[in-house]
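Q: Hey, I'm new to this one. Can you walk me through what holds the ligand?

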Amino acid sequence: MLPAMPGIIERYQERLPFAPGDPVVSLNEGSTPLILAERLSERAGLEVWLKLEGANPTGSFKDRGMTCAVSAAVREGAEAVICASTGNTAASAAAYSARAGLRGAVIVPEGKIATGKLAQALMHGARVVALRGNFDEALKLVRELATRHPVSLVNSVNDFRIEGQKTAAFEIVEQLPSELDALCIPVGNAGNITAYWKGFNEAGLKPRMYGFQAAGAAPLVHGKPVEHPETVASAIRIGNPARWEEAMNAMTSSGGAVKAVTDGEILMAYRFLAANEGVFCEPASAASVAGLLVHGPAENVNRVVCVLTGHGLKDPDTALDQAGAVVACDPELSAIERAVLE
Ligand code: AN7
């Protein structure tokens, strides 16, 4: 039997702020598939690869950062971790704190997180607080709270999150047959694009970084915070990203850009990936592919990686809303023939 691939701290220890013998809280995150998307490549007119971050243990890229943030919290002797979240950070923080034996509290915008993420946070035993406000307000409050109480804040304002998430860039460099020209990635709080850029830099690569925001939540595109962000892609319903400057620096200094995609464009890409590539991602993730299809590749960009940040099962409500209906059938051969074949 092949040995299981270890988690990212063990795998990349010499490039992460952990020493041998430090406590490691891991679910064997990372080592996610990078697949060639042939139909998407045909449609986009260049070679497109998909990094399937939904294949992480809790179904999103957050696990790469969370193994580092929670391991560091244990090393520091923290007893509890806290975060504000549009859903995936909450699910991941809840899982890793359960594994570490720490208390976890997650603050989410009331009624605005996908069903699967809520189920995860609750199942892992976190205290789930539904804030009558949006993500930006939640983040402001938890930052304040963390200065007053001995709790470890595990949002991407925590540098350990960036360190962990940069390992996805290392993996892409290892997995691709030759160099990539550009990366397409959804942008919410702007931690992940910051992390990829750091990872590529450390690996000696400079792909163009294209960040895509939902049109109703596109502060980086407008150059100013959005007070009431709205989008079907609830994961990136964020109006004032914490890593604003770093994300802008990644995009401008790499020769990339930040652009907006509408909810309609996001949902088009979401359905296309599921129906034509067999890849079910959540709506926010599809923003990377929507951006590529709508805004097109830049000159001299022949090979791109689109990051699919979270699994489609996270948000079954949007899926059922977007998909075709089931076919009801009586338990008789003639009826089943009609139902299947017509
Ligand atoms: C699927 O969980 O902000 O730009 O609180 O869940 O690093 O914020 C989630 C963000 C993209 C954007 N795709 O990444 C949270 C949260 C998915 C996400 C993003 C998120 P960042």
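A: Sure, and keep in mind this is a predicted model. Let's start with T86: a backbone N or O atom of T86 lies 2.8 Å from an oxygen atom of the ligand.

Q: Okay, and what does N88 put next to a ligand oxygen atom, side chain or backbone?

A: Side chain: a polar atom there lies 2.7 Å from an oxygen atom of the ligand. With T89, a polar backbone atom is 2.8 Å from a ligand oxygen.

Q: How much of the ligand does the protein bury?

A: The protein buries 99% of the 470 Å² that the ligand exposes when taken alone.

Q: Where does the ligand sit, then?

A: In the largest cavity.

Q: How many residues surround the ligand?

A: There are 23, and the closest are N88, N189, A190, N192 and T309. The shell divides into 9 nonpolar, 12 polar and 2 charged residues.

Q: Which helices supply at least two residues of that shell each?

A: α4 (88-100), α9 (191-202) and α13 (283-295) each do.

Q: Switching to domains: why does the ligand lie between domain 1 and domain 2?

A: Because both give residues to the shell around the ligand: domain 1 (8-60 + 162-322) and domain 2 (62-160).

Key: Residues are numbered from 1 along each chain as its sequence is written. This is a predicted model: local features need pLDDT of at least 70, side-chain atom pairs count only at pLDDT 80 or more; totals for chains, interfaces and linings use all residues. Side-chain values use heavy atoms; hydrogens and water are left out. A residue is near a molecule or strand if one of its heavy atoms lies within 4 Å of it. A polar contact is a pair of N or O atoms within 3.5 Å; within protein, one must be able to donate a hydrogen and the other to accept it, and residues adjacent in sequence count only if both atoms are side-chain atoms. Accessible areas come from the Shrake-Rupley method with a 1.4 Å probe; for residues, only the protein chains shown count as cover. On a 1 Å grid over the protein atoms alone, a cavity is a set of points where a 1.4 Å probe fits but cannot get out, and a pocket is an open set with protein on both sides within 12 Å along at least five of seven lines; lining residues have an atom within 4 Å of a point. A molecule sits in a cavity or pocket if more than half of its atoms lie within 2 Å of its grid points. Helices (H or I, at least four residues) and strands (E, at least two) are DSSP runs, numbered from the N terminus. Ala, Val, Leu, Ile, Met, Phe, Trp, Tyr, Cys and Pro count as nonpolar, Asp, Glu, Lys and Arg as charged, and the others, Gly among them, as polar. Domain bounds come from an automatic or database domain assignment.
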